[in-house]
Amino acid sequence: MHLTDKFGRAITDLRISITDRCNYKCVYCRTGNEGALYGDLPFADYFRMVRVLVGMGITKVRLTGGEPLLRKGVVEFVRELAKLRPQGLKPRSFSAASSKQSLDSLEQLDIALTTNGHLLADMAQPLKDAGLTRVTVSMDAVDPERFARITRVADGYDHVLAGIRAARSAGLGPVKVNCVLMRGFNEEQIVPFGKFAREEGVTVRFIEFMPLEEGRTWSPTTVVPLDEILTRMAEYRPLVEIPHARSETARRYRFDDGIGEIGIIAPVSHPFCGHCSRIRITSDGKIRTCLFSVWDHDLHAQMRRGASDEELEDFIYGVVQKKEERHHIGEPDFVPASRTMVHIGG
Ligand code: SAM
C-alpha cells in the first residue's frame, strides 16, 4: 500500500518528534515560560510507527522536537532506523570478497535531524557512525548577543557554532543552517548569514516566520518575505538561482562566484502546499497531516489497543486521505493550528 493523498500527492517524507522538551525558548516559537508538555513515548513505539510507514513508501525520516538531542538513547534509535530499507529497494547481490563495499552501497533510508545544535558538538560523530545522513541546525543570528536575545539562552552561540563545525568534520554535510527571520529581531542578519555561508561551508536557509508560536504574536508585518531577503542579499553579492525539485521546500541560490549557497523557505509569501510530501508524528504519537491542522490523529492509541501492523496501515491510509489541500495563512478564514511548533515538531 503506497501513500498518496486524495490530491495525488505522494507522501514520502516523515517528521517525527521524539520529545517536546526544549532547552531553548526562541522568541518566534515559545514564550519565556516553561509551558505545558504533552510528553514522549518509548523509542520502541516510534520505531514501530516508522517501520510501518517505511513499508508504505516513506523514504525520508527527520527526527525533530522539542529538542531531539535532549532525548537519551537517540544515537541507538538512529542505529535501529538505519537498518530499515525503503520499500522497493532490494539489497544488491554481492560477493563475500567485496561484501563490505557492497553493504555500504545498499540503498539507505534517509535519516535527518533538526536540532538547535547546543549538544551537537559531542554527538555529531556518534550520530554519523550510527547512520544519520543529514543534519539541519537552527541558528537565528551570527552575533552572540543577538543570538542570546532570540533564544533566551546566554551561552548558546559558541556551543552551536562548535556543533555546526563538528557536524561538518563528521561528514554530515552539506550542513544546513536554518534561520527564522522575524521583523525587528534579526532581519539585519541576512547579509552576515550570507558571509557565514561562504566562510563556514554551510547552506544557510532563511525561513519566513509562520503563525505557530506559543505567544500568538504573528501578524503579516512580522514576516520578512522572500523578495526582501533576495534584495538585501543581492546588495551584498549577486545571486544565481539553482534549479530545484518541485517537492523541495527551499528555493536555492548560489553566489555569482560559486562560493556559498543560500536557500529561502517561503511558506507565507510563496506557499508550496501543492507539492507537499510530508506528514508528521508528534512526540505523543499523533499524526498531523499539515503544520496548520486543527486536529490530529491518535496513532499511538491504535497501538495501545493492540492493532496489528495491517490495521495501523489502514488507519494511516485513512488519515492521509484527510490531508489538507493547503494552509490559509493570512486569509480571513485562517484558524490557528491546534498545537504550536514546539509541540508539533518542525
Ligand atoms: N529544537 C530543534 C531546532 O531548534 O531545530 C527542532 C525543533 S524546532 C521547532 C524546528 C524548526 O522549526 C526550527 O528550525 C525552528 O527555527 C522552526 N520554527 C519554530 N517556530 C517557527 C515559526 N513560528 N515559524 C517558522 N519556523 C519556526
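Here is a short chat about the ligand site and the cavity in this predicted model.

Student: OK, let's start with the ligand. How many residues surround the ligand, and which are the closest?

Tutor: There are 17 residues around the ligand, and the closest are Tyr28, Gly66, Glu67, Ser138 and Met210.

Student: What does Glu67 do there, in terms of contacts?

Tutor: One of the polar atoms in the Glu67 side chain sits 3.0 Å from a ligand nitrogen.

Student: And Tyr28, is that contact from the backbone or the side chain?

Tutor: Backbone: an N or O atom of the Tyr28 main chain lies 3.0 Å from a nitrogen atom of the ligand. Thr115 also uses a backbone N or O atom, which is 3.4 Å from an oxygen atom of the ligand.

Student: How much of the ligand's accessible area does the protein cover?

Tutor: The protein covers 95% of the 550 Å² that the ligand has on its own.

Student: Which strands supply at least two residues of the shell?

Tutor: β3 (110–115) and β5 (176–181) each do that.

Student: How does the shell divide into nonpolar, polar and charged?

Tutor: The shell has 6 nonpolar, 9 polar and 2 charged residues.

Student: Switching topic: how many cavities of 30 Å³ or more are there?

Tutor: The count is 1. The largest cavity holds about 30 Å³ of space.

Student: Which residues line the largest cavity?

Tutor: Its lining is Asp20, Arg30, Glu34, Gly35, Ala36, Leu37, Glu214, Val342 and His343.

Student: And how do the lining residues divide?

Tutor: That lining has 3 nonpolar, 2 polar and 4 charged residues.

Technical notes: Residues are numbered from 1 along each chain as its sequence is written. This is a predicted model: local features need pLDDT of at least 70, side-chain atom pairs count only at pLDDT 80 or more; totals for chains, interfaces and linings use all residues. Side-chain values use heavy atoms; hydrogens and water are left out. On a 1 Å grid over the protein atoms alone, a cavity is a set of points where a 1.4 Å probe fits but cannot get out, and a pocket is an open set with protein on both sides within 12 Å along at least five of seven lines; lining residues have an atom within 4 Å of a point. Grid points are joined across faces, edges and corners, and a volume is the space filled by probe spheres set on the points. Ala, Val, Leu, Ile, Met, Phe, Trp, Tyr, Cys and Pro count as nonpolar, Asp, Glu, Lys and Arg as charged, and the others, Gly among them, as polar. A residue is near a molecule or strand if one of its heavy atoms lies within 4 Å of it. A polar contact is a pair of N or O atoms within 3.5 Å; within protein, one must be able to donate a hydrogen and the other to accept it, and residues adjacent in sequence count only if both atoms are side-chain atoms. Accessible areas come from the Shrake-Rupley method with a 1.4 Å probe; for residues, only the protein chains shown count as cover. Helices (H or I, at least four residues) and strands (E, at least two) are DSSP runs, numbered from the N terminus.
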